[in-house]
Amino acid sequence: MPAAPDSRPERERAHEGGDEGAISIEEIEDAVVDGDSPLPAHTGTARAALHHRTFRIVFLGAFASNIGTWMQNVVLGAYAYDLTHSSTFVGVIIFAQLGPTLVLPMVGGLLADKVNRKRFLILLSIEQLIFSLGVALVVLSPHPSHVLLVVMVLLVGAGSAMFGPAYSAILPGLVGREDLPGAISLNSAQMNASRVIGPVIGGLLYSAIGPAWVFAGNAATYLFVVAALMMVTLPAVPQMAKHASRWRELTAGITVARHDPVVGRCLVTVFVFSLLALAFIGQMPVVAAHNLGINLSKSADYGILYACFGAGALAGAISIGTVFAHTSKPMLVRVCLVGYSLSLFAFALQSSPVPADVNVAVTGAFYFAFITALNTTLQSRLQENVRGRVMALWMMGFGGTVGIGNLLIGPVVEAVGITTVLLFGSVVALGLAWYADVRTPPEVQVVLGAELAQ
């Protein structure tokens, strides 16, 4: 399936190795998209993104690592609930995991725009490996310290909070702006494929060998992303003007958001959505135990529930780079928010596992189709010299506010019940469908960091 040599950009020809590269692309595409027939690599699609060798390597390394991450995530919430039978403690653990994303992405984004991104990402992967082992060691104790467990999870979360914006910032350089929608779609797809595979493995291992070995297994998977990064060369980062103040450099993402109404609205949408409409993700153990009657430590049903959510999320994410590759992303944002609102409302009322599995898959599909379309809209408006810092704000909204939401919602769940909290989230999502108009105003001059570089 190789393209004619004179019709491909030089950077793509340099990355490919003839027929062997073409076979590898087809195999990966079959695994991700489940397609049997070769399709033309139209610009901006998932297939076009996979034509870039560096992207393929980093994509597969991140996929392997994220499987381990979701093994740990699904078991960590269940273990916290089994340990204390408290939705408040589950909220504390989720906050420790995601709370650092409220602050540290700005630091990580600044460093990602200033230092060697490859070395930075490798260092952060090793940091997360070390403290994931720390989580495993705490859990191995016959009387695990709740405080020490929270500290270890917090340190893993700190590394993840800085890793996120740096990793997001490298994507356009791996594929070019024209293939960015496909790369973002595939990146969301691998994250959500790992949501399918990781929870199933984690749920089975939790009851078979215990949580400590699941956490140790997650630590080992960071070696995949380290190996992938060591195999590739990442493009250099354009630098801002030397006379810019330290504070201006740190807050460059906020400046871009203030000048570009689309960037600002994208960020407000993801902040509010993650804070108020995503309680069911962190509180999934509570939903499973209270609403669905699932025994978390003795049944595979909890892992299956999470895997169904991940399967739906995978389908939703990859649809943006395949079926909807050339559909208006701003329109998809609003349509998917309405779909998410309705499906979350139905999920909140379920009382048995099998219907809930189907419902949560639909909810996951709308959720990640919305997030992927919104992320694509945002990234298409950014220049390289500020991308890391704007994406830091995205990570703060996408992850950090989920932690705050769970910290606040834990006591609320104990007071009014998980069903009421989920129904409230459904109403919030419906309101955001009205607010999230992220079309480019025709009269607005897009600010992509050029002003900051002067």
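Let me start right inside the structure, at Val153: setting aside neighbours within four places in sequence, Val153 is in contact with Leu76, Ile93, Ala96, Gln97 and Val135. Val153 belongs to helix α8, residues 146-175. One of those partners is worth a second look, since Val153 and Ala96 sit 57 residues apart in sequence, yet their C-alpha atoms are 5.9 Å apart in space. And is Val153 buried or exposed? Its relative accessibility is 2%, so Val153 counts as buried, the cut-off being under 20%.

Before going on, a word of care: what you are looking at is a predicted model. The mean pLDDT of the chain is 79, and 82% of the residues reach 70 or more. Two stretches fall below 50. Residues 1-40 stay under 50 in pLDDT, and the model gives them 51 contacts beyond four places in sequence. Residues 445-454 are also below 50, with 28 contacts beyond near neighbours in sequence. Where pLDDT is low, the predicted coordinates should not be read in detail. Please keep that in mind when you look at either of those stretches.

Now the overall picture. The chain has 21 helices and 0 strands. Of its 454 residues, 59% are buried. Take the contacts between residues at least 6 apart in sequence: 85% of them join residues at least 24 apart. The accessible surface comes to about 17,700 Å², and carbon and sulfur atoms account for 67% of that.

For those of you who think about cysteines: how many disulfides does the structure hold? The count is 0. Two cysteines I can tell you about are Cys266, which is buried at 0% relative accessibility, and Cys336, which is buried with a relative accessible area of 8%.

Cys266 brings us to helix α13, where it is one of the buried residues. The others in that buried set are Val262, Val263, Gly264, Leu267, Thr269, Val270, Phe273 and Ser274. Helix α13 covers residues 261-276, and at 1.5 Å a residue its 16 residues should span 22 Å; the end C-alpha atoms are 22 Å apart, so the two agree. At the N-terminal end there is a cap: a side-chain oxygen of Asp260 lies 3.0 Å from the backbone nitrogen of Val262.

Ser274, from that buried set in α13, also gives us a link to another helix. Ile404 is found in α19, residues 384-416, and Ile404 and Ser274 are 130 residues apart in sequence but 9.2 Å apart from C-alpha to C-alpha. Beyond four places in sequence, Ile404 touches Phe95, Leu102 and Leu275. At 24% relative accessibility, Ile404 counts as partly exposed, because the cut-off for buried is under 20%.

Further along is helix α15, residues 284-291, which is mostly covered, with 6 of its 8 residues buried. Those are Met284, Pro285, Val286, Val287, Ala288 and Asn291. After α15 comes Gly293, with a positive phi near 65°.

There is another positive phi to point out, and this one is not in a glycine. Most residues other than glycine have a negative phi, and most peptide bonds are trans. His85 has a phi near 55°. Where does His85 lie? You will find His85 in the loop between α4 (53-84) and α5 (87-98). At 57% relative accessibility, His85 counts as exposed.

Staying with α4, Ser65 lies in that helix. Ser65 is buried, with a relative accessible area of 6%. Its contacts, not counting residues up to four places away in sequence, are Asn218, Thr221, Tyr222, Phe224 and Val225.

My last stop is a lysine. Lys329 lies in helix α17, residues 329-348. Is Lys329 buried or exposed? Lys329 is buried, with a relative accessible area of 10%. And what lies by its side chain? A polar atom of the Lys329 side chain is 3.4 Å from the backbone oxygen of Phe324. Leaving out residues up to four places away in sequence, Lys329 touches Ile320, Phe324, Ala373, Thr376 and Thr377.

That is my tour. Thanks for listening, and I am happy to go back to any of these residues on the screen.

Conventions
Residues are numbered from 1 along each chain as its sequence is written. This is a predicted model: local features need pLDDT of at least 70, side-chain atom pairs count only at pLDDT 80 or more; totals for chains, interfaces and linings use all residues. Side-chain values use heavy atoms; hydrogens and water are left out. pLDDT is the predictor's confidence in each residue, from 0 to 100. Contact means heavy atoms within 4.5 Å. A disulfide is a pair of cysteine sulfur atoms within 2.5 Å. Buried means under 20% relative accessible area, exposed over 50%, partly exposed in between (1.4 Å probe, protein chains only). Helices (H or I, at least four residues) and strands (E, at least two) are DSSP runs, numbered from the N terminus. Accessible areas come from the Shrake-Rupley method with a 1.4 Å probe; for residues, only the protein chains shown count as cover. The expected span of a helix is 1.5 Å times one less than its number of residues. A polar contact is a pair of N or O atoms within 3.5 Å; within protein, one must be able to donate a hydrogen and the other to accept it, and residues adjacent in sequence count only if both atoms are side-chain atoms.
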